[in-house]
Amino acid sequence: MGDNKQAAKLAKQITAFARSHGGAAEGQLAHIGRGSTRIALVGANGEWGNLVAGSYETAQQAAELAGITLHDDFDGEFAAKVRTGPYEWSRMAGMQIDGPSNGPADN
């Protein structure tokens with residue numbers, strides 16, 4: 001069983017994300033290690049974001065409480081809904097073809 005308190009908090013965050021990104025959202029759950037699960041969200045306007053739950057069960061419970069559609073994979077039609085902005089494109093260019101980067105890390 002998932003963490004009910006964390007699921008309720010995540011559901012509120014999912015609902016707020018959906019409300020501020022076109023009124024709806026869809027998601028996909030993925031294990032990310034140490035028992036944690038990523039909730040990848042795509043809003044109706046194509047904006048995207050991530051949340052992290054302490055377990056897969058908690059992530060699934062949060063998505064159900066928020067009433068979003070979950071996809072098995074982040075590909076196909078679901079992935080095609082994602083819009084990327086100038087920041088993402090510059091970062092991808094910086095990593096791939098010696099384009100702009102974030103500069104040196106502060107250590």
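I count two residues as in contact when heavy atoms lie within 4.5 Å. Keep that handy for the end of these notes, and remember that the model is predicted.

**Entry: strand β2.** I started with β2, residues 36–43, and asked how many of its residues are buried. The count is 7 of the 8, so the rest of the structure largely encloses this strand.

**Entry: the β1 side.** Next I looked up what pairs β2 with β1, which covers residues 25–33. I found 8 bridges, and the two strands run antiparallel. To fix the register, I noted that Leu 41 of β2 sits opposite Gly 27. The connection is a hairpin with 2 residues between β1 and β2. I checked the backbone in that turn too: Arg 34 has a positive phi of about 50°.

**Entry: the β3 side.** Then I turned to β3, residues 48–53, which is joined to β2 by 6 bridges. This pair is antiparallel as well. For the register here, I wrote down Thr 37, whose bridge partner in β3 is Ala 53. β2 and β3 also make a hairpin, with 4 residues between the strands. Gly 46 in this hairpin has a positive phi near 90°.

**Entry: Ser 55.** Last, I followed the chain into the loop between β3 and α2 (56–66), where Ser 55 is found. Is Ser 55 buried or exposed? I read its relative accessibility as 17%. The cut-off for buried is under 20%, so Ser 55 counts as buried. Which residues does Ser 55 touch, leaving out those up to four places away in sequence? I listed Gly 2, Gly 35 and Thr 37. Thr 37 was already in my notes, as the bridge partner of Ala 53.

How values were computed:
Residues are numbered from 1 along each chain as its sequence is written. This is a predicted model: local features need pLDDT of at least 70, side-chain atom pairs count only at pLDDT 80 or more; totals for chains, interfaces and linings use all residues. Side-chain values use heavy atoms; hydrogens and water are left out. Buried means under 20% relative accessible area, exposed over 50%, partly exposed in between (1.4 Å probe, protein chains only). Two strands pair if DSSP finds at least two bridges between them.
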